[in-house]
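Welcome! Let us take a friendly walk through the inside of a protein, stopping at its rings, its charges and its greasy interior. Have a look at the picture before reading on.

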Amino acid sequence: MSGQLWQGRSTGHVEDIMIRMGESISLDIELYGEDLKGSAEHARMLARCGIISEADLTAIIDGLRTIRKEIEAGQMPLRPELEDIHTHIETRLKELIGEPAGRLHTARSRNDQVAVDTHLFVKRRSAELRSALIDLCDALLDQARKNVDVIIPSYTHMQVAQPVRFAHHLLAYFWMFLRDADRYAQAHHGADSMPLGSGAATGVNYATDREFLQAALGFERMYENSMDAVSSRDHILDYLYAGSVFSVHASRLAEEIILFTGVEFGFLELPDALTTGSSIMPQKKNPDLAELTRGKAGRVSSLLMQLLMTVKGLPLTYNRDLQEDRFSLLDSARQCSMIVDALTAMVSQFVVRPERIRRSLAQGYATATDLADALVSNKGIPFREAHHIAGRLVAICAEKGVSLEEASVDLRSSVHEALADDNFYTEAVREETSVERKVSQGGTARHRVIEQLDRAAAELEKRKAITVSAPSLDF
């Protein structure tokens, strides 16, 4: 075998295991746009500095554009013996334009070439995922506005706690995903440093123009140290961290969708188009999208750990171990893109079923805490005693199979005389009264939720006004 970029003193012959272990083209074909862009701007820089001729530059740019069309049309065969996207492109370029293709690799190494590819990729995918998360936040905000007056149980220990406006519940996820969008913006910023021109490790033996490359490739800044530039994978780690936290948040929402669409809860219903049936049970309506989202969270989070463990013991500078970064990078991009699309579809299209929600509120005795607080504020009973009174009433109601609202005067009086006051008691155990008492900022009283909706909308508009651009891959 011959034609490897690394073939120098070596004969180029390798065993089959070297090919199987060494190839990355099955993964980094996805980086073809970034690799072609980096090569085109590198060629322009070489011509600008007088290192190659204008005729060579024209041939190289024309050849790279032809290769882009071939890849996009699925016409480039992938050959494992050529290892990676860089060798595939240079090999094909030589077939197309001959000798000038051999001048393209002047003043660069595959080490800084893959670094610039992955930096551009992280910038592009971070911008795209941030935009998709903003769309998800929009969907959550829309559902929250529609459900301000729907009251559901909140849960601690997965047991009914206190009533809460469904809008308030949805807004909790809004703020989580807005922070995730910010994390992708931070990943974009972390990748906005230009490594190209660093060579294999120590720079190159040519008076190149890295500032030209920085501007042409759309980077905010450049690496100051060539060894750092080719060995750092911080930009990918930042990106994987953003995906890990997002996938965990997504899994939490997915779990609630699974629970809330089940028969036992019945709070929500998904359209048929977002569910599947069963091969044997005709009544089934399975929340597969939510389950797959929940399942992918572990996969996405593991990608961060995989790359951390790859990098942790590596001496400076480039080591072949770093080829494993492509798996984590590309898989996180694919999985997180599917997850955010799935969540946006489910959030946009679920239907709320208030009648089923009210049943759970009643059966869960959700206003017991409010009753205890009312005994303190209206009847002057110390809180600890009030807590015991409310608890005894709940126990008796549960034994008799009635809700707090259904408890008779006689039943209530048997617990404590203060509970015999109908007007006091009825108001104390109403769900609407309960949520309206949560008047602290960030609470679930209606005016506080409306305030929060307004703040959420304002924060979302701020994010939309901030430009986090995907780099252009045109050349």
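We begin with a ring: Phe260 has a relative accessibility of 3%, so Phe260 counts as buried, the cut-off being under 20%. Keep in mind as you read that this is a predicted model.

**Rings that pair up**

A pair of aromatic rings is described by the distance of the centres and the angle of the planes. In this model the count comes to ten aromatic pairs. One of them joins Phe260 and Phe265, and this pair is tilted because its planes stand at 45°, with the centres 5.6 Å apart. Phe260 also pairs with Phe267: here the centres are 5.0 Å apart and the planes at 40°, so this pair is tilted too. The two pairs can be set out like this:

| Pair | Distance of centres | Angle of planes |
|---|---|---|
| Phe260 and Phe265 | 5.6 Å | 45° |
| Phe260 and Phe267 | 5.0 Å | 40° |

What about the partners of Phe260? Phe265 is buried, with a relative accessible area of 17%, and Phe267 is buried at 2%. Ring pairs link these three residues with Tyr155 into a cluster.

**Charges over rings**

Rings can have charged neighbours as well. The charged end of Arg68 sits over the ring of Phe475, 4.4 Å from the ring centre. Lys379 lies over the face of Phe424, and here the distance to the ring centre is 4.9 Å.

**A buried histidine**

Is His86 buried or exposed? With a relative accessible area of 5%, His86 is buried. This residue belongs to helix α5, which covers residues 85-97. Its side chain makes a polar contact with the side chain of Asp35, at 2.7 Å.

**The nonpolar cores**

Now for the greasy interior. The largest nonpolar core has 74 residues, and those touching the most other members are Phe174, Phe177, Tyr239, Phe246 and Leu343. Among the elements that give two or more residues to this core are strand β1 (151-156) and the helices α6 (110-146), α7 (166-190), α10 (234-261) and α12 (325-349).

Which residues does Phe246 touch, leaving aside those up to four places away in sequence? They are Leu133, Phe177, Asp180, Tyr184, Cys336, Ile339, Val340 and Leu343.

There is also a second, separate core of 31 residues, including Leu64, Ile67, Ile89 and Phe219.

How values were computed
Residues numbered from 1 in each chain as written. Predicted model: local features only at pLDDT ≥ 70, side-chain atom pairs only at ≥ 80, totals over all residues. Heavy atoms only, no water. Helix = DSSP H or I, 4+ residues; strand = E, 2+ residues; numbered from the N terminus. Buried < 20%, exposed > 50% of the residue type's maximum accessible area, 1.4 Å probe, protein only. Polar contact = N/O pair within 3.5 Å; in protein donor to acceptor, adjacent residues only side chain to side chain. Phe/Tyr/Trp six-rings, centres within 6.5 Å; stacked < 30°, edge-to-face > 60°. Lys NZ or Arg CZ within 6 Å of the ring centre and 35° of its normal. Core = buried A, V, L, I, M, F, W, Y, C linked by side-chain atoms within 4.5 Å. Contact = heavy atoms within 4.5 Å.
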